[in-house]
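Here are three short exercises to help you find your way around this structure. Take a look at the sequence and the model, then work through each solution step by step.

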Amino acid sequence: MTGPGEPPPRGFSGGGDDEYRSTVFDESFVRAARLQEFSARERLADREHPVRPLPPRPLRGGPWRGLVLAVLIVFAFGAVVYAGIRTQQQQSVSRPGPRVMSSTVVPLSPGGEDRVPGGRPARLLERSPAAEFYTGAAGVTLPPVRSTAHFADSQVLAALAVAKEYVVESSLNPEVLSGETARPVRILIDPDQHAQFDRSIERPAADGHHAATGWLVRFAPGHTEFTGEGVRVRGTMEVRETEADALEIVTDHVFVYAVRPAGASDERADGARPDGEAASLFTVRRELRLRFDREDLRDQHLTVERSEVRAGPMSCAAPAHDALRPLTAGQSAGADHPAGTDPYVRDGGDSPVCGTLDPSSLPRP
């Protein structure tokens, strides 16, 4: 045992105070306390509250220190706002603009004095390469659906469904083919391309970017009408992932239309009309490159990046950027040829393009 004034022997614990010997409570620590213990007299008056909170101590340095702190806070807030605005500006500058559709429309002219075969539509189709084609939308078939590295099979199927709808509406819809409306096609296109599409429909141009026939198949009103025979179709669709955020679908279809001059009267049983004319076949091959980003998949839109169209029989001199004007039964191209191209002119837009229609694509006699 040790006395109250003597230290304990070595190795002997002197009580519970030993564990607090390393802690020193200096005057600054005591002054910084937020609670103050009541005195003995105060505890007699209030036994329920042994301590009371102290009011906050004023900042050292007086009001200047508070002013400086406020200025720093305002400056920091302004810096954050400025950084956000700069980030948005950089993103808006780096964000790519609307993708521009490019197109090529090539009329196919029968050679020499060859006349376009005529007859009954069903008979012409039986004797043409389109004899085994499907009729209408049944010919726009979907490939097997498989997921890609960054897109699930459900997303691939959604893209294919929109692509098929676009091909059908732009190539088989009678109101679109006759030039009555273009709305069924427009609503499927990404809104970023609406301005280009509207300009192409309202003011077509052979500049490679504003051909109405690059977006859809349209026959010149008052020039050509359909016989009522269904359009024969055959083609393919291919899906590929071009980047982590986009799918690309390439479509390649052949459409065969039975047509006759506009305003023609009903045909007789042999296919000839009272004026001696008959129906004929008109063939259009369309190759489209369609793009789908994740926003397009969500909104069921697509972006048309490229369109290549070859159509005949047509006259090389006939404009093909606004509407298609088939040569009908009994007509020939004769000595018709596209207008001359001046290589010194750098407009780069209106150079005529024409091809020769292979006789094997016409119905057999």
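This is a predicted model, in which local features need pLDDT of at least 70 and side-chain atom pairs count only at pLDDT 80 or more, while totals for chains, interfaces and linings use all residues. Residues are numbered from 1 along each chain as its sequence is written, and side-chain values use heavy atoms, with hydrogens and water left out.

**Exercise 1.** Find which strands pair with β6 (strands are DSSP runs of E, at least two residues, numbered from the N terminus; a pair needs at least two DSSP bridges).

*Solution.*
- Start with β4 (residues 134-135), which pairs with β6 (residues 232-243) in the antiparallel sense over 2 bridges.
- Within this pairing, Thr135 has Arg232 as its bridge partner.
- Next comes β7 (residues 246-261), antiparallel to β6 over 11 bridges.
- Here Met237 stands opposite Thr251, and a hairpin of 2 residues joins β6 to β7.

**Exercise 2.** Locate the disulfide (a pair of cysteine sulfur atoms within 2.5 Å) and describe its handedness.

*Solution.*
- Cys316 and Cys354 are joined, S to S 1.6 Å.
- Both cysteines sit in the loop between β9 (303-312) and β10 (355-357), 38 residues apart.
- The S-S torsion of Cys316 and Cys354 is about -60°, so the disulfide is left-handed.

**Exercise 3.** Decide whether Cys316 and Cys354 are buried (under 20% relative accessible area), exposed (over 50%) or partly exposed (in between), using a 1.4 Å probe and protein chains only.

*Solution.*
- Cys316 has 12% relative accessibility, so Cys316 is buried.
- Cys354 has 25%, so Cys354 is partly exposed.

How values were computed: Pairing = 2+ DSSP bridges. Helix = DSSP H or I, 4+ residues; strand = E, 2+ residues; numbered from the N terminus.
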